[in-house]
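Ready for a few short exercises? Have the viewer open, try each task on your own, and then walk through the solution.

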Amino acid sequence: MQVHGREVGFRFTVGASVKISNLCPDGDITSLGEVLEGQYGRVARDAAASIAALSEGYEEAQAYEVPGYKPRPLTVDEVMTLRMDEFAKLQQEALAAWMEDSKPTVEVEPEKKEGGEDQASS
């Protein structure tokens, strides 16, 4: 998504999870839903902080993955300057990245035949 003339991305990194969990009651990131309910001013500010954390996660990761990349994450102040429709779209994109990056990964070991050999070696 374009914000203030630049493309922004989001990534749910360890660093982003720490910053977001600091917004949550007792630091429990699973209670983020509670943070994003209630009084509008607080909810908007905390949503902006979550968006900024996910943007920073993406930008910092890019700096390690792409030689010469200069991180330019969104800031809370920058997010707060957006129009309401832009803010809503940004929230949707950030949430989509969170969901994608939070998917559990499952490693499957090859089946073993009787006698201890795995199926792939037959």
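**Exercise 1. Contacts of a core residue**

Leaving aside its neighbours within four places in sequence, which residues is V79 in contact with?

*Solution.* Keep in mind that this is a predicted model. Begin at V79 and skip the residues within four places of it in sequence; the contacts that remain are A48, I51, L74, F87 and L90. Next, turn to the largest nonpolar core, which has 23 residues. V79 is one of the members that touch the most others, together with F10, I51, L74 and L90. Now look at the elements: α1 (14-21), α2, α3 and α5 each give two or more residues to this core. Helix α3 supplies the largest share, six residues.

**Exercise 2. The largest pocket**

Which residues line the largest pocket?

*Solution.* Start with the volume, about 190 Å³. Then list the lining: L32, L36, A47, S50, I51, L54, Q91, A94, L95 and W98. Sorted by element, α3 (40-65) and α5 (84-102) are the ones that give two or more residues to this lining. Sorted by class, the lining holds eight nonpolar and two polar residues, with no charged ones. I51 deserves a second look, as this residue lines the pocket and is also among the core members that touch the most others.

**Exercise 3. Two polar side chains**

Is S17 buried or exposed?

*Solution.* First find S17, which lies in helix α1. Its relative accessibility is 18%, and the cut-off for buried is under 20%, so S17 counts as buried. Beyond its neighbours within four places in sequence, S17 is in contact with F12 and I29. Finally, compare sequence with space: S17 and S50 are 33 residues apart along the chain, and their C-alpha atoms are 9.0 Å apart.

Now try Q62: is this residue buried or exposed?

*Solution.* Locate Q62 in helix α3. With a relative accessible area of 13%, Q62 also falls under the 20% cut-off and is therefore buried. Setting aside neighbours within four places in sequence, its contacts are R11 and Y69.

**Exercise 4. Confidence**

Which helix has the lowest mean pLDDT, and which the highest?

*Solution.* Take the whole chain as a starting point: the average pLDDT is 86, and 85% of the residues score at least 70. Then go through the elements: helix α2 (residues 32-35) has the lowest mean, 78, and helix α4 (residues 76-80) has the highest, 96.

Technical notes. Residues are numbered from 1 along each chain as its sequence is written. This is a predicted model: local features need pLDDT of at least 70, side-chain atom pairs count only at pLDDT 80 or more; totals for chains, interfaces and linings use all residues. Side-chain values use heavy atoms; hydrogens and water are left out. On a 1 Å grid over the protein atoms alone, a cavity is a set of points where a 1.4 Å probe fits but cannot get out, and a pocket is an open set with protein on both sides within 12 Å along at least five of seven lines; lining residues have an atom within 4 Å of a point. Grid points are joined across faces, edges and corners, and a volume is the space filled by probe spheres set on the points. Helices (H or I, at least four residues) and strands (E, at least two) are DSSP runs, numbered from the N terminus. Ala, Val, Leu, Ile, Met, Phe, Trp, Tyr, Cys and Pro count as nonpolar, Asp, Glu, Lys and Arg as charged, and the others, Gly among them, as polar. pLDDT is the predictor's confidence in each residue, from 0 to 100. A nonpolar core is a set of buried Ala, Val, Leu, Ile, Met, Phe, Trp, Tyr and Cys residues joined through side-chain atoms within 4.5 Å. Buried means under 20% relative accessible area, exposed over 50%, partly exposed in between (1.4 Å probe, protein chains only). Contact means heavy atoms within 4.5 Å.
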